[in-house]
Amino acid sequence: MTSSVVFKSFTALRHSSVEHPKLIHPHTTPNSPFPYRRFRITASKSSPKLQNRNLRVAVIGGGPAGGAAAETLAKGGIETYLIERKMDNCKPCGGAIPLCMVGEFDLPLDIIDRRVTKMKMISPSNVAVDIGKTLKPHEYIGMVRREVLDAYLRERASENGAKVINGLFLKMDIPTRGNENVKTPYVLHYTEYDGKKGATGEKKTLEVDAVIGADGANSRVAKSIDAGDYEYAIAFQERIKIPNDKMVYYEDLAEMYVGDDVSPDFYGWVFPKCDHVAVGTGTVTHKGDIKKFQAATRNRARDKILGGKIIRVEAHPIPEHPRPRRVLGRVALVGDAAGYVTKCSGEGIYFAAKSGRMCAEAIVEGSENGKKMVDESDLRKYLEKWDKTYWPTYKVLDVLQKVFYRSNPAREAFVEMCADEYVQKMTFDSYLYKKVAPGNPLEDLKLAVNTIGSLVRASALRREMEKLSV
C-alpha cells in the first residue's frame, strides 16, 4: 500500500483588502476547482502580542468540520467558541468515511455502525459488479450516522476546552478593512437556546478575533463575507428499517446504482447503518425530479428492501465546487461551507473534518498558541496547503464524473471498467488513504486501452439505441 500516512493500530481502537481577477498558481490550471486570486496582505510577523488574554476564535457549525476545528483550536491554546443550532441533527448523508479518518481523528470503533468490505456497482441494465477483492484484511469503509459522529466530535472539543453553545448564528459585524494594524473584533449575533427562554431563545452577541465558517452549504458566514455562490446538488435519502433476514445481506455490503432512472448526473445508493439502511440519490441538473429518482432507487433495490419501513426522510444541498472566496480578513470557510465535497463520489465527511483541522492548525501556528493576533496571511496558509494537497484528487474525480456519468452507455462502460482488479486497487487505495495512488505504467496502459474499448462499445451502443428511438 503506497501511502505516507502513519496509522495507529486498529486492533484496540475502540484580502488584502482588495481582490482582483484570477492569478494562475503553479498548482492550478485555468479550470482548477481551487481558483487563486491576487492579494495584498500584511505579513503575520508584524502581528502584535495579545495582552492579558489569548486569541478568541468562534467556530460556526458543529458538524465534522466545526468539531475538528474547535478541538484543534482548544488544544492549541485558543479561547474557542463553537456555535451549533441542532445538537441532534441527522444530516442526509450516506455516512461513509475512509479508513484513514479512523486513525487520523482517533475515532473509537463503537461509533462506526458497519465496516463495509464489499460493494456492488450496478449498471443501468442491472449488471452488478462486485468490488472489494483487493482489500486487505484490516481495510474497510466505515459507515456512521452523522448524529453520532458529529456529537462525538463536539463533545471531544468541549472536553479539550471549547465552549459549545446551542445557538443559531444570525450575522456578524465585520471590521472596516483597509487598516490591518487595527484589530477590531468581529461581533457575532446569535440566538442562544439554553432552555431558560423557551423555544424563542435569547439574543446574544460575542466578540472574537477570528471566525471559522463550518455552517454547511447554506453558510451564513459565507454570505457575511460575500464568498460567492456555487452550483449544488440536492441529496435525498430515506432511512429504511428492513427485516432482520434482509439486513444480513447488507451486513458488510454497500450498493451503488447508476442510470438515468436513479440520477441523470450522480448515483443512487443503499448504505448499511446500525439497524437499518440508508437509501438515497442526488442530482444537480434535475432537482425538481429528485423524488422521482428516489422512487426509482427504491425500485431498483426493491427485492432486497422488501417489507422495509421508512423511519426518516432527509434532504440537503451538496456543493459541487469550492466557493470563489474562502478567506477574507480573519474569516475562513471550511467543509461544505467552502465547497469541499468531491465530484463522482459525493464524499464530504473526511474533507470537512480535515479542512477544519488544517484551518485551525494554521491559526494556532500563526498565533503562536494563542499569544499573538492573526491576520489574513495566516489563514491563507491553510488554503495554500489544502489546494496543493487535494487539488489532484478533486480534478481526477471531476473528470471521471464528466466522462462516465453523462449517459447510460457511458455508465455501462464505467461499471464494466470497475470489474478490473487493478481499477479496484487504485480506487480503494486512493479512497481509503485520500491520496491519488501512483500506478504501474504497464497496468495504466492496459487500463487506458480497456477504458477506450469500453467507451467505444458504449458509443456504438448509444448509436444503436438512438436508431431504435427514431
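Trainee: Let's start with β4 and β7. Over how many bridges do they pair?
Mentor: Keep in mind that this is a predicted model. Strand β7 covers residues 141-143, and one of its residues, G142, is the bridge partner of R115. The pairing of β4 with β7 is antiparallel, and the number of bridges is three.

Trainee: Which strands are the edge strands of that sheet?
Mentor: The sheet is open and has three strands in the order β3-β7-β4, with antiparallel pairing. An edge strand here pairs on one side only. That description fits β3 (96-97) and β4 (114-116).

Trainee: Now to helix α12. How far apart are its end C-alpha atoms, and why does that agree with its 13 residues?
Mentor: The helix runs over residues 421-433, and the expected span is 1.5 Å times one less than the number of residues. For 13 residues this should give 18 Å, so the model agrees with it: the end C-alpha atoms are separated by 18 Å.

Trainee: Which residue caps the N-terminal end of α12?
Mentor: Look for a side-chain oxygen that reaches the backbone nitrogen of Y422; the distance is 2.8 Å. Y422 itself is among the buried residues of α12, which also include F428, D429 and Y431. The residue that supplies the capping oxygen is D420.

Trainee: And which residue follows α12?
Mentor: Most residues other than glycine have a negative phi. The one that comes after α12 has a positive phi, near 55 degrees. This residue is K434.

Trainee: Where does N52 lie, and is it buried or exposed?
Mentor: N52 is another non-glycine residue with a positive phi, near 65 degrees. It lies in the segment before β1 (56-60). Its relative accessible area is 83%, and the cut-off for exposed is over 50%, so N52 is exposed.

Trainee: What about D226: buried or exposed?
Mentor: D226 also has a positive phi, near 55 degrees, and it sits in the loop between α4 (220-224) and β12 (232-241). With a relative accessible area of 59%, D226 counts as exposed.

Trainee: On to aromatic residues. What is the geometry of the pair formed by Y405 and F414?
Mentor: A search of the whole structure gives 13 aromatic pairs, and Y405 with F414 is one of them. Y405 is buried at 3% relative accessibility, and F414 is buried at 9%. Their ring centres are 6.0 Å apart and their planes meet at 75 degrees; because the cut-off is over 60 degrees, the pair is edge-to-face.

Trainee: Which residue lies over the face of F105?
Mentor: F105 belongs to an aromatic cluster that includes Y340, W386 and Y394. Elsewhere, the charged end of R85 sits over the ring of Y193, at 3.7 Å from its centre. For F105 the distance to the ring centre is 4.0 Å, and the residue is R357.

Trainee: Which residues does UniProt list for "domain: FAD-binding"?
Mentor: The UniProt entry is unreviewed. The listed stretch is 36% helix and 33% strand in this model, with its end C-alpha atoms 26 Å apart. The record gives residues 56-88.

Trainee: How far apart are the C-alpha atoms of A68 and A157?
Mentor: A68 is in helix α1 (residues 64-75), and its 1% relative accessibility makes it buried. A157 is 89 residues away along the chain, yet the C-alpha separation is 7.4 Å.

How values were computed:
Residues numbered from 1 in each chain as written. Predicted model: local features only at pLDDT ≥ 70, side-chain atom pairs only at ≥ 80, totals over all residues. Heavy atoms only, no water. Helix = DSSP H or I, 4+ residues; strand = E, 2+ residues; numbered from the N terminus. Buried < 20%, exposed > 50% of the residue type's maximum accessible area, 1.4 Å probe, protein only. Polar contact = N/O pair within 3.5 Å; in protein donor to acceptor, adjacent residues only side chain to side chain. Pairing = 2+ DSSP bridges. Phe/Tyr/Trp six-rings, centres within 6.5 Å; stacked < 30°, edge-to-face > 60°. Lys NZ or Arg CZ within 6 Å of the ring centre and 35° of its normal. UniProt positions renumbered as here; feature names shortened; annotations may be inferred.
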